[in-house]
Amino acid sequence: MPATTAEAAPGPMTPRPEILVLNGPNLNLLGEREPEIYGRTTLADIEAMCADTAAEAGLDVRCIQSNHEGGLIDAVHAARRSTVGAIINAGAYTHTSLALHDALKSYDHPIIEVHLSNPHAREAVRHHSYLSPVAAAVIAGAGARGYVHAVEILIDHLTNAKARL
Ligand code: DQA
């Protein structure tokens, strides 16, 4: 029997699709760590900003921060079937982690890479990203606001996914 409109419409009991907001090493110290580079906004503030922006589009966020490479990889694996897209700031693992790159290749949803600073304007060691080849978009140098832009761009990718095929 076809679902009625009432059955199909999302209600308070229907879980909303989730996006993964994944932050890597040292980003738990946002607000305290090198504020001249990374700003004074805390990670809790950034996660709340992401949640507000996602909620406007009917999405929930799953926010995870890990200082460990394996913790980030486990979070990606766990999100493979239960989230619809991801925003990732892998911190310094951006520039070193082939393992995280491989994990993200197994994640079959849009990924937006975010950096508070612009790594390309910094030391040469920060110029290469293992994430960019698997990212639908990269936002760098926009500070905490970059995360909000990332959520908006992710929503755009999710909305237009069918049109792009
Ligand atoms: C960062 C840039 C990285 O090079 C650095 O290691 C970080 C933060 C950023 O958000 O600007 O930890 O990803």
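**Reading a strand, a loop residue and a ligand site**

User: In this predicted model, which side chains of strand 5 are buried, and which are not?

Analyst: Along strand 5, residues 137-140, the side chains alternate, so that A137 and I139 point to one face and are buried, while V138 and A140 point to the other face and are not buried, where buried means under 20% relative accessible area.

User: How many bridges join strand 4 to strand 5?

Analyst: Strand 4, residues 111-115, runs parallel to strand 5, and four bridges join the two; within this pairing, H115 stands opposite A140.

User: Where is T94 found, and is T94 buried or exposed?

Analyst: T94 is found in the loop between strand 3 (85-89) and helix 5 (98-105), and T94 is buried, with a relative accessible area of 0%. Leaving aside neighbours within four places in sequence, T94 is in contact with E113, H115, H128, S129, Y130 and L131.

User: Which residues are around the ligand?

Analyst: The residues around the ligand are R33, Y38, N89, G91, A92, H95, H115, L116, S117 and R126, and this shell divides into three nonpolar, five polar and two charged residues.

User: Which side chains have a polar atom, N or O, within a few ångströms of an oxygen atom of the ligand?

Analyst: A polar side-chain atom of H95 lies 2.7 Å from a ligand oxygen atom, an N or O atom in the side chain of S117 is 2.6 Å from a ligand oxygen atom, and for the side chain of R126 the corresponding distance is 2.9 Å. The protein covers 99% of the 330 Å² of accessible area that the ligand has on its own.

How values were computed. Residues are numbered from 1 along each chain as its sequence is written. This is a predicted model: local features need pLDDT of at least 70, side-chain atom pairs count only at pLDDT 80 or more; totals for chains, interfaces and linings use all residues. Side-chain values use heavy atoms; hydrogens and water are left out. A residue is near a molecule or strand if one of its heavy atoms lies within 4 Å of it. A polar contact is a pair of N or O atoms within 3.5 Å; within protein, one must be able to donate a hydrogen and the other to accept it, and residues adjacent in sequence count only if both atoms are side-chain atoms. Accessible areas come from the Shrake-Rupley method with a 1.4 Å probe; for residues, only the protein chains shown count as cover. Ala, Val, Leu, Ile, Met, Phe, Trp, Tyr, Cys and Pro count as nonpolar, Asp, Glu, Lys and Arg as charged, and the others, Gly among them, as polar. Buried means under 20% relative accessible area, exposed over 50%, partly exposed in between (1.4 Å probe, protein chains only). Contact means heavy atoms within 4.5 Å. Two strands pair if DSSP finds at least two bridges between them.
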